[in-house]
Amino acid sequence: MLPIIILLVAFSAVNCQINGRLGSHFCRVLLERDCNLFPEVPECGTDGVTYINQCDYTRARCQGVYTDIAHKGSCTPTSTNQTMPGFNGDQAALDYLCIQLSHEECPTTIDEVCATDDVTYQNMCEYEKQRCTHRNLHVKTTGVCSTS
């Protein structure tokens, strides 16, 4: 039981944010990945940083760096800090995380979450998988949804 508590404390200490909201399961999955194992496909952030690939970019977003994608490829001295149409940082990060999560099995732990669709999800992983296809879905409360 003690190792589980230690893991929960370690996970809760990670500040993972997307659009100002915690994306804890998504970010935990990503922060366990080695982005160097993914193909190098550089993206220039509006913060002037060249991210080696979508994994690296999304990891920065999970760690609280607010940036959008300025353009594909490495940043240059003439790179603009304007967001490339269709490459809003929140959506780009969430798209990448959803693709990664689609290949993951959710844990069987029960830590129920009630969402704004009034469905009780077994845990945050199951909720966040559903959120990938229902972007306006949010957590209403922890625990089982009320039937009243």
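Two strands count as paired if DSSP finds at least two bridges between them. Strands (E, at least two residues) and helices (H or I, at least four) are DSSP runs, numbered from the N terminus.

A quick note on the model: it's predicted, so local features need pLDDT of at least 70, side-chain atom pairs count only at pLDDT 80 or more, and totals for chains, interfaces and linings use all residues. Residues are numbered from 1 along each chain as its sequence is written, and side-chain values use heavy atoms, with hydrogens and water left out.

**Exercise 1.** Work out the strand order of the sheet that contains strand 6.

*Solution.* Start with the order: this open sheet of three strands runs 7-6-8, with antiparallel pairing. Next, check the edges: strand 7 (120-121) and strand 8 (139-142) each pair on one side only. Now zoom in on strand 6 (residues 113-115), which pairs with strand 8 over three bridges. Across that pairing, Ala115 sits opposite Val139.

**Exercise 2.** Do likewise for the sheet that contains strand 3.

*Solution.* Here three strands make an open, antiparallel sheet in the order 4-3-5. Its edges are strand 4 (50-51) and strand 5 (69-72), each paired on one side only. Strand 3 (residues 43-45) joins strand 5 through three bridges, in the antiparallel sense. There, Glu43 faces Lys72 of strand 5.

**Exercise 3.** Place Leu37 in the chain, then decide: buried or exposed?

*Solution.* First, find Leu37 in the loop between helix 2 (24-31) and strand 3. Then apply the cut-offs: buried is under 20% relative accessible area, exposed over 50%, partly exposed in between (1.4 Å probe, protein chains only). Leu37 has 70% relative accessibility, so it counts as exposed.
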